[in-house]
Amino acid sequence: MVIETANGLASAADTDTTFTAHVVADRTAVEQLVRDDAVEVGLVRADPTGWQLIGKTSENDDATTYITAAAQQIALQRNAAEAGLSLEELGRGAAVNYELLEKGAVDPGLSKIVAFVFAFLFYLASVLFGMSIAQSVVEEKQNRIVEILASAMPLRQLLIGKVAGNTVLAFAQLALFVGAGLAGLAATGKGAQLGQIAGAAGWSIVFFLVGFLALASLWAVAGSLATRSEDLQSTATPLSMLIMIVLFAGIFLDGTGRVIASYIPITSIVAMPSRLAEGTAAWW
C-alpha cells in the first residue's frame, strides 16, 4: 500500500497553501511521523471508499479543505473514466445561470457602499467647512475686526456671505467627489447600475445643499456664542454630536428606521439618497 503524508503547510500572502508529500511503508510509519512532529498530517487509504487524515492533537483546516477537495476531484475523474465519460460529459446539465427580473436594480452590497460614501462625505464637508465658518466668526470677534466691518456693512450680510461662500466650496467639493465616484463605477464594469446610482448621487447633492445651508447657519451661531478660539470647542460640541448622530444613522439604520429618518430634516440628507440608491423610495 502506498501511503502519503502532507507536510510544510505554508501560506504565502494568505492565498497559497503548499503540500509536500512523503511516501512511507505503512500506517504505523505515518502515525509515528505525525507523533514525532516530522509532518503536520498523514493521509492513508482507509478502504476502497475513501481516505483518512491523521493529525496529532487537532485538525488542520487547510489539510481538511484542500486534500478533501483534491480527493473528491480525483475520485470523480477516475469514476468518469471507468464509465467511459469525460468530466465535461459527467457534469453536463449542471450549469446554473442567474436571471434578474429587475435588471436595473442596484446590487445590495453596492448600495450599502453608496450609503456609507454619502454619509461620510456629508460628515467630512460639514465638519471641515462648518468649522471654518465658526472659526472665522470667532477670529473677527477676537481681533475686533468685526467692529470695523460693522461700520461698513450689516452684520447679517457678513454672515450670509460666509455661509454662502463656504456652501459653494462644499458643494463643489461634493460634486467633484461624486463625479469621480461615478466615473470609477463606469470604469469597473458597473455601467448597468450607473443610472440609478447617478440619480441617487444627484439627489444627494441637492439634499446636501439644502441641509448644509441650515448646518452652516448653526456653525455661525456656534462661532458667535464663543468669545475666544478656546471657547469654540464647547460651543460647537452640540453641533458636532448632531452631525455624528446623522453619520451613524445614515450608516447603521435599516428598514423602518431608515424610512423614518429619510423624512426628518438633517438625517434625510443621508437617509433619503441611501434609499434612492437601494430603489426603495418612490419618486415623490
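Biologist: How should I read the accessibility of threonine 68: what does a relative accessibility of 33% count as?

Modeller: The general idea is that a residue counts as buried under 20% relative accessible area and as exposed over 50%, with partly exposed in between. In this structure, which is a predicted model, threonine 68 has 33% relative accessibility and therefore counts as partly exposed. The residue lies in helix H2, which covers residues 61-82.

Biologist: Which backbone atom does the side chain of threonine 68 reach?

Modeller: The side chain of threonine 68 reaches the backbone oxygen of threonine 64, and the separation is 2.5 Å. As for its surroundings, glutamine 52 is 16 residues away along the chain, and the C-alpha atoms of glutamine 52 and threonine 68 are separated by 9.6 Å.

Biologist: Let me turn to a charged side chain. Is arginine 275 buried or exposed?

Modeller: The cut-off for buried is under 20%, and arginine 275, at 6% relative accessibility, counts as buried. Its place is in helix H10, residues 268-278.

Biologist: With which side chain does arginine 275 make a polar contact?

Modeller: A polar contact is a pair of N or O atoms within 3.5 Å, and here the side chain of arginine 275 makes one with the side chain of serine 262, at 3.0 Å. If its neighbours within four places in sequence are left aside, arginine 275 is in contact with Arg258, Val259, Ser262, Tyr263, Thr280 and Ala281.

Biologist: How many aromatic pairs does a search of the whole structure find?

Modeller: The search finds three aromatic pairs. Planes under 30 degrees apart count as stacked and those over 60 as edge-to-face. The rings of tryptophan 203 and phenylalanine 207 have centres 6.2 Å apart and planes at 65°, so this pair is edge-to-face. Both residues lie in helix H7, four residues apart, which is about one turn of the helix. Tryptophan 203 counts as partly exposed at 46% relative accessibility, and phenylalanine 207 counts as partly exposed at 23%.

Biologist: Why is the pair of phenylalanine 208 and phenylalanine 212 called stacked?

Modeller: That pair is stacked because its ring planes are at 25°, with the centres 5.4 Å apart. Phenylalanine 208 and phenylalanine 212 are four residues apart in helix H7, and so are separated by about one helical turn. Phenylalanine 208 and phenylalanine 212 are both buried.

Biologist: Which residues line the largest cavity?

Modeller: A cavity is a space where a 1.4 Å probe fits but cannot get out. The structure holds one cavity of 30 Å³ or more, and the largest cavity has about 40 Å³ of space. Its lining consists of Phe118, Leu121, Phe122, Leu174, Ser204, Phe208 and Ile269, so phenylalanine 208 from the stacked pair appears here again. H4 and H7 each supply at least two lining residues, and the largest share, three residues, comes from H4. By class, the lining has six nonpolar residues, one polar and no charged.

Biologist: And how should I read the second largest pocket: how many residues line it, and which lie nearest its centre?

Modeller: A pocket, in contrast to a cavity, is an open set of points. The second largest pocket holds about 220 Å³ of space and is lined by 13 residues, with Val114, Val117, Gly181, Leu182 and Leu185 nearest its centre. Two or more lining residues come from each of helix H4 (108-142), helix H6 (155-187) and helix H7 (194-225). H4 gives the largest share, six residues, and the lining divides into twelve nonpolar residues, one polar and no charged.

Key:
Residues numbered from 1 in each chain as written. Predicted model: local features only at pLDDT ≥ 70, side-chain atom pairs only at ≥ 80, totals over all residues. Heavy atoms only, no water. 1 Å grid on protein atoms, 1.4 Å probe; cavity = no way out; pocket = protein on both sides within 12 Å on 5 of 7 lines; lining within 4 Å. Points joined across faces, edges and corners; volume = space filled by probe spheres on them. Nonpolar A, V, L, I, M, F, W, Y, C, P; charged D, E, K, R; others polar. Buried < 20%, exposed > 50% of the residue type's maximum accessible area, 1.4 Å probe, protein only. Polar contact = N/O pair within 3.5 Å; in protein donor to acceptor, adjacent residues only side chain to side chain. Phe/Tyr/Trp six-rings, centres within 6.5 Å; stacked < 30°, edge-to-face > 60°. Contact = heavy atoms within 4.5 Å.
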